[in-house]
Each structure stands twice: as C-alpha cells, then as structure tokens.
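Reader: I'd like to practise reading features from a model. Could we go through a few together?

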Amino acid sequence: MSVYRQIKDKFIMKNAWTDWESYRVSLTDLILQREPGTVAIIGAGRCNDIDLRRILAVSEKAFLLDIDEEAMYKALDGLPEVYRKKADIRELSLTGISETDIEAVCEDMLSFVRKEGKNITLKSLRLRIMSYLDGLTDKLIKEERELLDKLSDVSPDVIVCCGVYSQLFGLLSFFFRSLLFSVRDVLPEAVNLENELSERLHQMNNMVIPGTCSALIKAAERCVIFGNEYMPESPVEGAHQCIMDIRTHYDPEEYHLEWNFNRAEGITYDMLIQVCSTGRDDS
C-alpha cells in the first residue's frame, strides 16, 4: 500500500456516522428547507455529514462530486435501488489536483528521502519540496471559468459544500509535516521548513478559493450552502479564507451548527453555515 493510501486511511473517521448524527440531521434539515429538486454535494465522500436517504427520497437527482470515487460509491451502500438510480457520481477536484497527483508526490518524496539517507541536506530537501509544490501550483484551478467548465452540465437547485475548504490541501500538509518529522534525527533543522510550507499552502488556498466560491454560486440555480469550521481566535486554514470571501463578496444567511467531529477525542467544531442565494430560481 502506498504511503498516500496509508495516510488517507488515517483520515477516515471510523465512527463518523454515529458521532455526526446530530450535525447530519441539522445540516440535512437545512438543505431540505430549500425544497431542492436537484442537489450537488461537493466533497461528498462517504456522505457521513448528509443523510443521502432523506435527500434522495424527495429530490429528483443528487450529484456526488469528489476526488475519491470509491468513497462516494460507499455512500450509496444500503440505499434502495430506486434511490441509487437518482445518484450521479462524478470525480471532481475543486483545486485541479487529483488523487494521482498527490500520490505521485508522496511516493517520489518518500523515495528521495530514503535514497538520500544520512546524506540529506536542508538545501536539497527544501528544493525538492518546493519543486513539487511549484508543480502542483501549476495544476491549480485559478479562474472560476475552469471550474464552471467542469460543472457545465450540472445545474442543480442547491449546491452543498461543507467541511471541504479546510481539507483542500490537508492530506498534503499532513504528509509533508510527517516527512519533516521523520528526518529530525538526521536533519533537526528541517523543522524550520514548516513555516515556509504553511505559507506556500496558504498561498495555494488563496489562489483557488475565490474562484471556486464564485463558480459554485454561478453553477447553482437557487443557492449554495457553504459550511466551514469557525474558529476566529485560531483560524482554520482554508476554512477561514472561504468564510471571509463569502462575507466580503456576497450577502449570506448565516447559521451555526455544532459538529461533534470526534467524540472519543472530544473534538467538536462550531460550523458556520453560510447560505448564498443566487436569485436565478425564485420558485
């Protein structure tokens, strides 16, 4: 199993369906209040935060969009065939970076570190990391039209994008930080790269978030429901940029939902839900 797959498995919340019940009910209620004939769920994954059964029971169609097709098919497990037929699964990256891209970076970086061994230097490590980030930056969707083209045949009443922006580069960040930690015995000064790494990922978020927010709002007929971890005292990377972009350029309705993210570890998020009406469907 590749290191990317191993890290990806660590990100799977084993008790998500149980722990997230209250949040899932509240978020699904909020979606259904818009009486959507069609729904698109961005970053759908396994849909532990949205009750697909309830959505599909009253909607004509639900588009599930994510870079992880396997997870989306798991979201349909146990659903009646009549509901499964109304689900349209599509691979989509909000950033333009695919799972294959990330997996290749992880494998190549790990191979480089192993090959260099005790001869590794801070300069060579930094150049390698920044070179890969340069390559990924070149792949980024930087303009709304690029994402709109990918959504050209998806015009749902409601688009839902919750818990997504904090994860745009989350796995990549985890990998690089783990890699820097792994070489600390040979190269203790490698920890100095963490701040530079954080700044690069911050810049990458800034490049893609405004365009993706705008594209999603233009793609929806009725409204877009954004949901982000709200921690003003310690802003969450990605989530904070989305919140501020929405507040700056749009006039959202705002709600707060409690997300019991990890009951065992006592991790709970205040999710700021921002509903942006598009004005194209007033029915």
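Reader: Which residues line the largest cavity?

Author: Happy to help, and keep in mind that this is a predicted model. The lining consists of Ile-41, Ile-42, Gly-43, Ala-44, Asp-49, Ile-50, Val-160, Cys-161 and Cys-162. The search of the whole structure finds 1 cavity of 30 Å³ or more, and the space in the largest cavity is about 30 Å³.

Reader: Which element gives the largest share of that lining?

Author: That is β4, with 3 residues. Both β1 (38–42) and β4 supply at least two residues each.

Reader: Now a helix. Which residues of α3 are buried?

Author: Start with the general idea: an α-helix has 3.6 residues a turn, so residues three or four places apart point the same way. In α3, the buried residues are Tyr-23, Arg-24, Leu-27, Thr-28, Leu-30 and Ile-31. They cover an arc of only 155° around the axis, so they sit on the same side of α3.

Reader: What covers the buried residues of α3?

Author: The cover includes α2 (16–19), α4 (52–58), β4 (158–162), β5 (223–229), β6 (253–262) and β7 (267–277).

Reader: Last one: is Ser-93 buried or exposed?

Author: A relative accessible area under 20% counts as buried. Ser-93 has 14%, so it is buried. This serine lies in the loop between β3 (87–91) and α7 (99–116). The side chain of Ser-93 makes a polar contact with that of Thr-95 at 3.0 Å, and also reaches the backbone nitrogen of Gly-96 at 3.0 Å. Leaving aside residues up to four places away in sequence, Ser-93 touches Ile-67 and Ile-141.

How values were computed
Residues are numbered from 1 along each chain as its sequence is written. This is a predicted model: local features need pLDDT of at least 70, side-chain atom pairs count only at pLDDT 80 or more; totals for chains, interfaces and linings use all residues. Side-chain values use heavy atoms; hydrogens and water are left out. Buried means under 20% relative accessible area, exposed over 50%, partly exposed in between (1.4 Å probe, protein chains only). Helices (H or I, at least four residues) and strands (E, at least two) are DSSP runs, numbered from the N terminus. The arc is that of the directions from the helix axis to the C-beta atoms. Contact means heavy atoms within 4.5 Å. A polar contact is a pair of N or O atoms within 3.5 Å; within protein, one must be able to donate a hydrogen and the other to accept it, and residues adjacent in sequence count only if both atoms are side-chain atoms. On a 1 Å grid over the protein atoms alone, a cavity is a set of points where a 1.4 Å probe fits but cannot get out, and a pocket is an open set with protein on both sides within 12 Å along at least five of seven lines; lining residues have an atom within 4 Å of a point. Grid points are joined across faces, edges and corners, and a volume is the space filled by probe spheres set on the points.
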